[in-house]
Amino acid sequence: MPVIIRATEESDHADVRQLLMDRWTAPEIMLDNEMVDASRLPGYVAYDGEELVGMVTLIKRADEWEILTLDSLNRWGGVGSQLLDAVVTEARSIGMLRLTVRTSNDNLDAFRFYQRRGFRLERIGQGVIDREREQKPGIPLRGDYGIEIHDEVLFARAL
């Protein structure tokens, strides 16, 4: 059965919340020194039958959309690309001109993923993650590949 990508619905909330707990330790994500409940944001889900295998959550602003979370349980299987394609298609359909995403300095796989899909490095927020860790101590000190986590990296893509 192929993966089905569709807009997130209220009936997905329990699955979305659980995925955020499993992948992000909580549905609340730090963004600009505020906690954002990603489980209540608009976005897209990917289901393989009854199983949630991926999702993307969005902050929709008037002048740009920001991807807050993008997860695929089957890395390298194309689900992340399909979710991103759904976001880009919707954004373009309403005339949105810009899409952004932030990640931490250790997330080299995200650097590769987004750059291969037209995103460009726009800004490095030095020490942002260190400051967020003061408010949310659960943020790990080391991440992917044993790299210390300190900085936030912003990527942007023109649509």
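**Entry 1: the S5–S6 hairpin**

I began where the chain turns back from S5 to S6, and found a hairpin that joins the two strands through four residues. I kept in mind that this is a predicted model. S5 covers residues 51–60 and S6 covers 65–72. They run antiparallel, with seven bridges joining them. I looked up one bridge by name: lysine 60 has tryptophan 65 in S6 as its partner.

**Entry 2: the other side of S5**

Next I went back along the chain to S4, residues 43–48. S4 also pairs with S5 in the antiparallel sense, here over six bridges. Glycine 43 has its bridge partner in S5, namely threonine 57. The hairpin of S4 and S5 has two residues between the strands, and I noted that glycine 49 takes a positive phi there, near 65°.

How many of the 10 residues of S5 are buried? I found eight, so this strand is largely enclosed by the rest of the structure.

**Entry 3: the whole sheet**

I then stepped back to see where these strands belong. Seven strands make an open sheet with mixed pairing, and I wrote down the order as S1-S4-S5-S6-S7-S9-S8. Which strands stand at the edges? They are S1 (4–7) and S8 (120–125); each has a single partner strand, so one side of each is left without a neighbour in the sheet. On average, neighbouring strands of this sheet are turned by 25° against each other, direction ignored.

At the S8 edge, I checked the pairing with S9, residues 152–158. S8 and S9 are antiparallel and share five bridges. Arginine 120 is bridged to alanine 156 in S9.

**Entry 4: a helix across the strands**

I followed helix H2, residues 79–93, and saw that it lies across S1, S4, S5, S6, S7 and S9. Against S6, H2 runs at about 155°.

**Entry 5: the largest pocket**

My last stop was the largest pocket, which holds about 1,300 Å³ of space. Its lining has 46 residues, and the closest to the centre are Trp24, Leu70, Asp71, Thr103 and Asn107.

Which element gives the most to this lining? It is S6, with seven residues, so I was back at a strand of my opening hairpin. Other elements that supply at least two residues each include helix H1 (13–24), strand S2 (28–31), helix H3 (108–116) and helix H4 (128–135). H2 and S7 are also among them.

Finally I sorted the lining of the largest pocket by residue type: 17 are nonpolar, 13 polar and 16 charged.

Methods
Residues numbered from 1 in each chain as written. Predicted model: local features only at pLDDT ≥ 70, side-chain atom pairs only at ≥ 80, totals over all residues. Heavy atoms only, no water. Pairing = 2+ DSSP bridges. Axes fitted to C-alpha atoms, helices over the stretch in contact; angles between N-to-C directions. Contact = heavy atoms within 4.5 Å. 1 Å grid on protein atoms, 1.4 Å probe; cavity = no way out; pocket = protein on both sides within 12 Å on 5 of 7 lines; lining within 4 Å. Points joined across faces, edges and corners; volume = space filled by probe spheres on them. Nonpolar A, V, L, I, M, F, W, Y, C, P; charged D, E, K, R; others polar. Buried < 20%, exposed > 50% of the residue type's maximum accessible area, 1.4 Å probe, protein only.
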